[in-house]
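Trainee: Please take me closely through one part of this model. I would like the largest pocket and what lines it.

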Amino acid sequence: MSLEATVYGVELMPLGKIVYYLDNGETFKYGDYAIVLSEFGTDYGKVLLGPKDISIDDVNYELKAVIRKATAEDLKIIEENEEIAKRAREVTVELVKKHNLPMKVLQSKYIFDRSKLVIYFSSKTRVDFRELVKDIAKEFKTRIELRQVGARDEMKFIKGLGLCGRKSCCSYFLREFDSVTLKHAKQQQMMINTAKITGPCGRLLCCLTFEHDFYVEALKNIPDEGSTIYYDGKIAKVITVNVFLSRVTLQTDDGEMVALPFSYFKEGENAGNWKIIDSGRSDNYYNGLDDVSDIEDE
């Protein structure tokens, strides 16, 4: 039997990962600020979830309790910290130009206890920012941490529009990134056209994962296009597989075109007598596409 705990979900950075903290007995409403312990030290965040009961086994990190609900004095400190963080970003941008470094400054955060200033940046190469850190530390008299993020996180910070014309998912609601590979596009019977399946971040579209499970289930036991099957005493080639119409079109060896419902290939009373002769693809076809990974940079 798994242990359960009452927690609140706290957002430490805008659209960042929601971190669960144990209920400390105080009552929080959506949007309240809470003082918590983060990886950087005593920090603050906005309560977006809870209170809710979760299984401790479902959380892959140690649960810490909320320190306290932010007081009026805490809120004043938070406001001041955010102003300092805003200025820190502006100063860092100028210092990056001064040192001629190949990096883009994205965001900054001054943690609640003012023991550390965290600055997020992106770069396509390794950057020697030791002198930059010294200059920032001289200006703000605190510990400085420069944290490099990948292309997807960069897009989250700068925001933008997706190919669909709407706000990019990462700048609108997507808080964590799943692995996206060409396998997702192939499974959804998409043409491998880079311009059509790549987002403004230069990576494969995150939305390729949204409907992936549906396609996996819908196409389970369905022969692939191009495969050769034994059907109704004849040899036939699969011409098209239409997941939306749930229909497979075959051409038999004598030239006859046949349209069959997906149910013909599934188990059940409507299933037919058929078997695959040649899948038209090697057994590791999809597995090979897994090697073309497009998950967030480490």
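Mentor: Contact means heavy atoms within 4.5 Å. Helices (H or I, at least four residues) and strands (E, at least two) are DSSP runs, numbered from the N terminus. This is a predicted model: local features need pLDDT of at least 70, side-chain atom pairs count only at pLDDT 80 or more, and totals for chains, interfaces and linings use all residues. Residues are numbered from 1 along each chain as its sequence is written, and side-chain values use heavy atoms, without hydrogens and water.

Now the pocket. On a 1 Å grid over the protein atoms alone, a pocket is an open set of points where a 1.4 Å probe fits, with protein on both sides within 12 Å along at least five of seven lines; lining residues have an atom within 4 Å of a point. The largest one holds about 1,200 Å³, as the space filled by probe spheres set on the points. Its lining has 44 residues, and Y120, R147, V149, D153 and F157 lie nearest the centre. By class, 20 are nonpolar (Ala, Val, Leu, Ile, Met, Phe, Trp, Tyr, Cys and Pro), 18 charged (Asp, Glu, Lys and Arg) and 6 polar (the others, Gly among them).

Several elements each supply at least two lining residues, including strand 7 (104–110), strand 8 (116–122) and helix 3 (151–158). Helix 3 gives the most, with 7.

Look at helix 3 itself. Its buried residues (under 20% relative accessible area, 1.4 Å probe, protein chains only) are A151, R152, E154, M155 and K156. They pack against strand 7, strand 8 and helix 4 (169–172). Just after helix 3, K159 takes a positive phi of about 65 degrees.

How values were computed: Buried < 20%, exposed > 50% of the residue type's maximum accessible area, 1.4 Å probe, protein only.
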